[in-house]
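Trainee: I am new to this structure and would like to go through some of its charged pairs and one strand residue with you. Could we take them in turn?

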Amino acid sequence: MKLLEKLRSLLRGLYYLFFRPYKGFIKEEQIIKDKYYSQESPLKRIGETTIIVMIDGRSIHGGLTDRLRGITTIYQYCKQKGLNFKLNYVYPFKLQDYLAPKSYDWIISEQDISYNTEQTAVVVLNDYQLDVSLHRFYLGSMICKNQGKQIHLYTNTYFLDKKFSASFDEMFQPTAPLLAAIENNQKQIGNRFIAMVFRFQQLLGDFKEEGYKILSDNEQGALIKKCIGEVKELHDERHPNKIILVTSDSGRFLQEITKQLNYVRIIPGKVVHMDHTADAAFDTYMKSFEDMLLLSKADKIYLLQTGDMYHSGFAKRASMINNKEYEEIIF
């Protein structure tokens, strides 16, 4: 069955590449029609082919780790190819408010971005549109056809995922406010702990993510009870002497589990989905960075999933930052 699904995915990808008008995706055409792009837009001094990963709200970007995997893959690709790489991460916040450049200066000023259609090419490169095995080929062909331009790239690709840890370390370091928050939370957690991640989406009714169902009150109570029971079982059987950091998109679940299990620690604050919440406070967005970077310090990270819970990539991505042990528990 998996082989058949893979074949179907490849065939869909080949259709997109070779048979759609302009050999592109409809989303690319929609972005180009955006009011920002025109032949009348000011020309900018470009100098060399420049790849700009765009996180600007004009497309679905995914959650934090979806965005980061695309950013780090393209950074690594540009490094290998000797291409100029920049990152325009401005939606729904500026990334440099939380993660600052480390060894490579990826920041580009808005005044240096060209929206003149003679100087730019828009490329959409997502795994839900095109099989990842075809991403490198498609990107290379678009770069070849647009030499000397700015290539505005909307992507969650991960075709260079094995380089994620190295790329993340070269690109990013926590800003002072984020670092202070991490250090403060780690004082409460300690230096040796394991971590467990739960992703409910809208099942418990306290997280906004359009298009997903909300359980009834009785179903919500049963799901919370089942998840807490699984944490207790894992703790008692595998890690009886360890503190457990639990992260989740449900504040209700986090409150309930800390009431019942005294060895559980949480990171205070509310989590929001970055594609669906454009007006949250600074600390609200920072919570996702705190969760990710504190998870990356755990001795081991578990993703726990049951029923209609979402198979999130957040826990695995956090484990990859510092190459920590990772396991998925389906119960």
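Trainee: Is Lys287 buried or exposed in this model?
Mentor: The model is a predicted one, and the relative accessible area computed for Lys287 is 1%. Since buried means under 20% relative accessible area, that value of 1% places Lys287 among residues that count as buried.

Trainee: Which residue does the side chain of Lys287 meet in a salt bridge?
Mentor: The closest approach in this pair is 3.0 Å, N to O, and the partner sits four residues away in helix H9, so that about one helical turn separates the two. The partner has a relative accessible area of 4% and is therefore buried. The residue that meets Lys287 in this salt bridge is Asp291.

Trainee: Which residue of strand E8 touches Asp291?
Mentor: Strand E8 covers residues 243–248, and Thr247 is found there. With a relative accessible area of 3%, Thr247 is buried. Leaving aside residues up to four places away in sequence, its contacts include Met196, Val197, Phe198 and Asp291. The strand E8 residue that touches Asp291 is thus Thr247.

Trainee: How many residues apart in sequence are the parts tied together by Asp299 and Lys242?
Mentor: Asp299 and Lys242 form a salt bridge whose closest N and O atoms are 2.9 Å apart. Asp299 lies in the loop between helix H9 and strand E10, whereas Lys242 lies in the loop between helix H7 and E8, so the pair ties together parts whose separation in sequence is 57 residues.

Trainee: Are Asp299 and Lys242 buried, partly exposed or exposed?
Mentor: Partly exposed covers the range between under 20% and over 50% relative accessible area. Asp299 has a relative accessibility of 23%, and Lys242 has a relative accessible area of 24%. Asp299 and Lys242 therefore both count as partly exposed.

Trainee: Which helix holds the residue that pairs with Glu170 in a salt bridge?
Mentor: The side chain of Glu170 meets that of Lys79 at 2.9 Å, N to O. The pair links distant parts of the chain, 91 residues apart, with Glu170 in helix H5 (residues 164–171) and Lys79 in helix H3 (residues 64–81). Lys79, at 45% relative accessibility, counts as partly exposed. The helix that holds Lys79 is H3.

Trainee: How many salt bridges does the structure hold?
Mentor: Beyond the pairs discussed, Arg238, Lys300, Glu325 and Glu327 are linked in a network of salt bridges. For the structure, the number of salt bridges is 16.

Terms used:
Residues are numbered from 1 along each chain as its sequence is written. This is a predicted model: local features need pLDDT of at least 70, side-chain atom pairs count only at pLDDT 80 or more; totals for chains, interfaces and linings use all residues. Side-chain values use heavy atoms; hydrogens and water are left out. Buried means under 20% relative accessible area, exposed over 50%, partly exposed in between (1.4 Å probe, protein chains only). Contact means heavy atoms within 4.5 Å.
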